[in-house]
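I set out to record strand pairing, annotated repeats and charged contacts. My entries follow in the order of the look-ups.

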Amino acid sequence: MENMQFAEELVREFLVFRGFTSALQAFEAELSTDIGKGFQVDRLLELIFAVYIPKYQAEKLVGLFGFFRHCFSTVTETVFLATLSKLEVSILRYYVVYATQSARRDKVVEFFGLAGNDLLQRDPDWIPWFAIPYLKNPSLEPQFKVYFSKEWYEALRLSLRNFFSEIFNGTRIPALLKISSEKNTISLLKKDIKQLNLKLSQLQALLEEKETQLQQLRSAASPLDSGRGQAQNSATSSVVRDDDYLLSKNDKETCTYGPSSQGEAEMDQESVVSDLATNSSGLSMSKSGDELNPMGLAHKEEGKTGYDIPMMHGDRYKDGGGEIQSKEEFPEVKVDFQETFLGHTSPISRCRFSASGTNVASASVDGTVRIWTYDSSTSTSRNATIYCGAEIMSLDWECKSDRLLLIGTADGGIKAWNVDAKRVVCDLNTGEAFPSILDIKCSPVEPIFVSAAASRRHGSSYIDTLGYASLTAWNMKTWRPMTVLPLGEDPPAITSICFNHNGKILAASATDGMIHMFDMSAGLQITGWPAHDSPISSILFGPDETSIFSLGSDGKIFEWSLQNQGHVLWSRSCRRFFDTETSSSNRHEMALDANGRRLLVTSSLVRAPIYQVRGHVNGMRTLPHSSIITTVDWHPTLPIFLTGSADHSVRVTSIL
């Protein structure tokens with residue numbers, strides 16, 4: 001019966017879904033006076049031995065066993081009912097003994113007046129007990145002496161505990177409660193996955209060692225007069241074949257540098273090449289100047305593949321020139337557990353963890369939002385499906401609790417969904433002038449939120465369809481607009497917004513590559529700078545809020561210093577994960593983990609990159625979906641991330 005609370009939540013959810021409000025009220029009323037205490041053994045023992053007996057509540061004690069007789073009336077094994085009757089007799093006799101020891105003979109007389117006739121009809125052995133109130137010292141009488149001993153009381157308590165444990169956790173449970181077996185299965189599967197991942201890592205290390213030995217043997221067998229120079233010349237065109245994949249030896253690593261000055265660029269270039277030389281996939285990169293091309297590309301060392309596992313079709317990408325390359329410097333993440341949600345019937349447009357990370361909201365292009373939980377031990381009472389009638393373009397949870405979810409649509413609608421009441425508490429509209437709600441963000445402190453809306457125009461790509469911007473702050477108590485933040489005349493569309501920790505500063509990114517910073521208390525723009533040569537898709541404050549991350553539609557990522565405005569602290573290019581054809585019709589976004597060390601980015605491929613911010617390794621890549629990854633998010637506190645895909649699925653992945 002350990003899953004009783006979970007089953008009760010399922011009943012509530014079903015009654016709400018069917019609209020049985022009267023039945024729900026009756027159900028809640030009965031739960032509040034639950035005499036069986038949810039069939040929890042410790043609570044029942046406490047109720048009997050710490051409440052009913054010490055407080056002389058004989059009527060409730062008799063009623064409790066009547067309740068259990070009714071519950072177990074359908075038991076096919078009559079031994080359960082027989083045992084229950086024997087235990088009931090013993091408990092009632094202990095009630096008489098306790099009242100006698102406490103010098104409350106009046107309570108003994110009261111008890112026999114209440115239940116005496118029923119006891120005599122069921123068991124004639126009760127006849128001598130009616131004399132106890134009139135005996136001077138019944139504990140010395142041979143017939144009653146054993147019942148006054150401490151050993152008998154302890155044996156009675158233990159017998160009652162064992163009986164309840166057996167009957168509640170045995171095979172005789174309703175089908176609804178058998179769901180607990182599913183939880184146990186999930187827990188066991190998670191343990192198995194963890195063990196398999198460990199075994200996989202060991203096998204990958206062994207495989208890499210064997211490959212190294214094989215390459216050494218091949219090198220030793222080659223003619224001595226071939227020379228090192230000949231080997232290097234052939235490295236640019238030769239092809240290494242293995243059983244499971246084909247690897248071109250002239251694959252290159254492309255890096256993009258943020259600093260504008262030549263000196264800073266040279267320093268960053270040297271740092272990047274050094275990082276590549278020690279990356280986690282086992283590649284050994286040459287840093288000598290004669291092996292670097294003018295664009296900062298480094299060739300791989302002769303004879304090392306660096307692959308941990310064979311490549312699949314989804315593990316290949318196209319760079320800007322269309323050349324197919326591999327991603328050996330991006331090893332696959334090591335997964336602790338993974339859950340897949342398949343409740344949507346169209347591509348996923350947005351997904352977000354709630355403020356506590358307990359619930360997930362995911363939206364699809366057909367205008368459906370689903371609220372669900374990935375943890376089987378968490379209550380599902382907030383699970384819901386919301387039909388908005390238009391494509392969902394933005395989602396955000398209230399920051400202080402998981403109570404409200406804000407939804408922005410492509411027809412100018414902003415809905416506020418109360419997850420406890422399971423209804424829309426407010427339905428706003430920005431009007432026909434700005435129908436595309438590109439982003440919504442709640443203040444982490446004040447009851448306000450800001451919406452970034454855009455007008456529409458004709459265009460061949462997603463960015464081209466965005467017109468002018470409107471940035472509005474709303475009061476979440478009155479659900480009315482507070483102020484429209486100034487953006488100048490005919491401002492380009494704002495694609496992404498974010499608050500700092502105290503809600504006083506709002507950052508916004510635009511399609512013209514600008515980053516804007518606003519003082520929310522004054523409602524004014526305080527600074528801004530050109531950050532990208534392309535439209536900015538996503539923007540995030542760094543964990544210590546001394547920097548801000550920006551993702552361009554061309555795949556360039558920059559971390560900008562807020563203390564030294566315009567200075568780049570870190571940069572990467574994820575262009576290999578951006579396909580020009582799909583990028584023109586999809587919005588890319590990024591998410592930063594709670595520690596600010598890992599940056600997850602959407603992808604035009606079936607896998608998405610996870611970059612190590614300012615780390616010595618380039619990053620990792622997620623497990624594959626069956627289609628492109630359209631949206632991502634990190635858990636607010638744990639190493640768990642969300643990925644939503646055009647294959648209609650949402651995945652929750654916990655990494656080691």
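**Entry 1: hairpins of S20.** I note at the outset that the model is predicted. I began with the hairpin of S20 and S21, where four residues separate the strands and glycine 523 takes a positive phi near 70°. I then traced the pairing itself: S20 and strand S21 (residues 524-530) run antiparallel and are joined by six bridges. Within this pair, I found methionine 514 opposite proline 530 in S21.

I turned next to the other partner of S20. Strand S19 (residues 505-510) is antiparallel to strand S20 (residues 514-519), with five bridges between them. I looked up serine 509 and found that its bridge partner in S20 is isoleucine 515. S19 and S20 also form a hairpin, with three residues between the strands. In that turn, I read a positive phi of about 85° for glycine 513.

**Entry 2: a four-stranded sheet.** I asked in what order the strands of the open sheet follow one another. The order is S6-S7-S8-S9, and the pairing is antiparallel. Strand S6 (348-353) and strand S9 (384-387) stand at the edges; each has a single partner strand, so one side of each lacks a neighbour in the sheet. Direction ignored, I find that neighbouring strands of this sheet are turned against each other by 15° on average.

In the same entry I checked strand S7 (residues 360-364) and strand S8 (residues 368-372), which pair in the antiparallel sense over four bridges. I recorded arginine 370 in S8 as the bridge partner of serine 362.

**Entry 3: annotated repeats.** I consulted the UniProt record, an unreviewed entry, whose annotation "repeat: WD" covers residues 341-382, 529-564 and 622-656. For residues 529-564 I obtained 0% helix and 56% strand, with the end C-alpha atoms 12 Å apart. For residues 622-656 I obtained 0% helix and 51% strand, and the end C-alpha atoms lie 12 Å apart.

**Entry 4: salt bridges.** I counted 12 salt bridges by the rule applied here. As background, I recall that side chains of opposite charge can pair when their charged atoms come close.

I first examined lysine 107 and glutamate 110, whose side chains meet at 3.8 Å, N to O. Both residues lie in helix H6 (residues 105-122), three residues apart, which is about one turn of the helix. Is lysine 107 buried or exposed? I list lysine 107 as buried, because its relative accessibility is 17% and the cut-off for buried is under 20%. Glutamate 110 is partly exposed, with a relative accessible area of 45%.

I then examined aspartate 420 and arginine 382, which form a salt bridge at 3.0 Å, N to O. This pair links distant parts of the chain, 38 residues apart: aspartate 420 is in the loop between strand S12 (413-418) and strand S13 (423-429), and arginine 382 is in the loop between S8 and S9. I classed aspartate 420 as partly exposed at 48% relative accessible area, and arginine 382 as partly exposed at 22% relative accessibility.

My next pair was lysine 415 and aspartate 427, in a salt bridge of 2.8 Å, N to O. Lysine 415 lies in strand S12 and aspartate 427 in strand S13, so the pair ties together parts 12 residues apart in sequence. Lysine 415 counts as buried, at 15% relative accessibility.

Finally, I noted a network of salt bridges that links Glu88, Asp118 and Arg122.

Key:
Residues numbered from 1 in each chain as written. Predicted model: local features only at pLDDT ≥ 70, side-chain atom pairs only at ≥ 80, totals over all residues. Heavy atoms only, no water. Pairing = 2+ DSSP bridges. Helix = DSSP H or I, 4+ residues; strand = E, 2+ residues; numbered from the N terminus. Axes fitted to C-alpha atoms, helices over the stretch in contact; angles between N-to-C directions. UniProt positions renumbered as here; feature names shortened; annotations may be inferred. Salt bridge = Lys/Arg side-chain N within 4 Å of Asp/Glu carboxyl O. Buried < 20%, exposed > 50% of the residue type's maximum accessible area, 1.4 Å probe, protein only.
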